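Colleague: I am new to this structure. Could we go through it piece by piece?

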Amino acid sequence: GVPSMAGAEWVWHAIRSGDLELLWTAPEDFDFGAVHPRYGTALTAFLSHMVCGGGAFPEMHDDRVLLARKLISWLVEHGARPGITVQVKSKAAFSASFDEDKEQGLEKSSLEVDYGGKSSIDIVLQLRDTCRENTRKDGRWKKSLAMFNAVLQEFARHNTNSSLVSRVAVPEATLDIWESILHDEESSDVRIIARGGVELKAHGLILRKASPVLAAMLASGMQESVRDSGATHDVRVDEPPGVVELFLSLVYTGCLPVGDDDGKPVDCDATDPHRTGRSPEVDELLGVFGLCHRWQVLPLVDHIATRLETMIAQDNFEDMLEAAVLKGQANLRIACLAFARGSPEIRERYRGGLLRPVARGELCGVFDMGLNETPETRPAKRRRSL
């Protein structure tokens, strides 16, 4: 929500200016996860000064990137979250421009992105993508593009280490009850028919509460027949039975199976979000991810995306990135981009034109024009030339 401005506005000015020393004196009860009506979240408030060099941000481009990294790290440690959404009615926005340069033959060029209804990650992704388009016509945006990439790298570093999905401890006995309902075929009134004609039984009440899409499907012509004759309703889906099984397990219990290194089932304590059984493969989880997105089971979309972030590897990178982009999952997307930055193999595949179109388009701002370099690794001589 919007924080109270009484006695707190100076903290927002300190964030906006990138003044870390002043932020160290902020009141203990200040909510760094709040949303400001003009500046957006704590993780977007400083973007304008970062790009333009205002406030406490130094004149040197690389020094500004370094301060932005430190600022993001500090803010996240104190409660700021890249996934928090700015209010739709917020007037907060980012804008920057370059004046016409007749000597260089360059026209006036501008960049503007509204913050309303978007998370910090979404905002910076949009700024990065728009800035990349501007760079193709006007090289003056190159430094700004590098800064937005650095911010995304820092977001990814924090998001891959901490889940934004809320978790609660549930007694094992309660999970056993939910699981017993899942396996109670006698009281089921829905048949989900998976690929190959394999039938899986489910309960309309549970599915309707979980998914507005399934609720609409089950509402058509089902109510009277179920009440009067106990008939079942068929839902057909072109997914492997294992994917549907995992989907139902998540819907009923909020859990995924997990196994040990040998693939043998292991037990989990009540605070663990997973249950017993074989650990699902990446392709199975991507199938469940797509099913949850298609049927709009939104809380489970975030749950699975968080699990997928820990499973990104060379052999599944493209599938992961495509799923993240096509389904608008920003956290998974920046986790994939962060993985790519540290992967010489993916860099070579990109340079050799061996990646599919979606991955190629996403990575052109990562590997082109030296933007994968960081202030810590770039040679000093080159750093002075920027």
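## The sheet, its helices and two other sites

Modeller: Start with a pair of strands. This is a predicted model. Strand β5 covers residues 190-193 and pairs with β6 in the antiparallel sense, over four bridges.

Colleague: In β6, which residue is the bridge partner of Arg191?

Modeller: Arg191 belongs to the stretch 190-193, which is β5. Its bridge partner in β6 is Lys201.

Colleague: How many residues lie between β5 and β6 in the hairpin?

Modeller: The turn holds Gly196, with a positive phi of about 85 degrees. The number of residues between the two strands is five.

Colleague: In which sense do β5 and β7 pair?

Modeller: Take Val190. Its bridge partner in β6 is Ala202, and in β7 it stands opposite His233. The β5 and β7 pairing runs over four bridges, and its sense is parallel.

Colleague: What is the order of the three strands in the open sheet?

Modeller: β5 pairs with β6 in the antiparallel sense and with β7 in the parallel sense. The pairing is therefore mixed, and the order is β6-β5-β7.

Colleague: Which are the edge strands?

Modeller: An edge strand here pairs on one side only. That holds for β6 (199-202) and β7 (233-236).

Colleague: What does the twist average from one strand to the next?

Modeller: The sheet is open and has three strands. From one strand to the next, the twist averages 25 degrees.

Colleague: Helix α9 packs on the sheet. What angle does its direction make with that of β7?

Modeller: α9 spans residues 212-219 and touches β5 and β7. The angle between its direction and that of β7 is about 135 degrees.

Colleague: And helix α11, which strands does it touch?

Modeller: α11 is residues 241-253 and also packs on the sheet. Its direction makes about 10 degrees with that of β6. The strands touched are β5 and β6.

Colleague: Now helix α4. How far apart are its end C-alpha atoms?

Modeller: α4 has 17 residues, 61-77. At 1.5 Å a residue, they should span 24 Å. The model agrees with that, because the end atoms are 25 Å apart.

Colleague: How many of the 17 residues of α4 are buried?

Modeller: The helix is mostly covered. Gly79 follows α4, and its phi is positive, near 115 degrees. Of the residues in α4, the buried count is 13.

Colleague: Is Thr41 buried or exposed?

Modeller: Thr41 lies in strand β2 (residues 40-41). Its side chain makes a polar contact of 2.7 Å with that of Ser120. Buried means under 20% relative accessible area. Thr41 has 4% relative accessibility, so it counts as buried.

How values were computed:
Residues numbered from 1 in each chain as written. Predicted model: local features only at pLDDT ≥ 70, side-chain atom pairs only at ≥ 80, totals over all residues. Heavy atoms only, no water. Pairing = 2+ DSSP bridges. Axes fitted to C-alpha atoms, helices over the stretch in contact; angles between N-to-C directions. Contact = heavy atoms within 4.5 Å. Expected span 1.5 Å × (residues − 1). Buried < 20%, exposed > 50% of the residue type's maximum accessible area, 1.4 Å probe, protein only. Polar contact = N/O pair within 3.5 Å; in protein donor to acceptor, adjacent residues only side chain to side chain.
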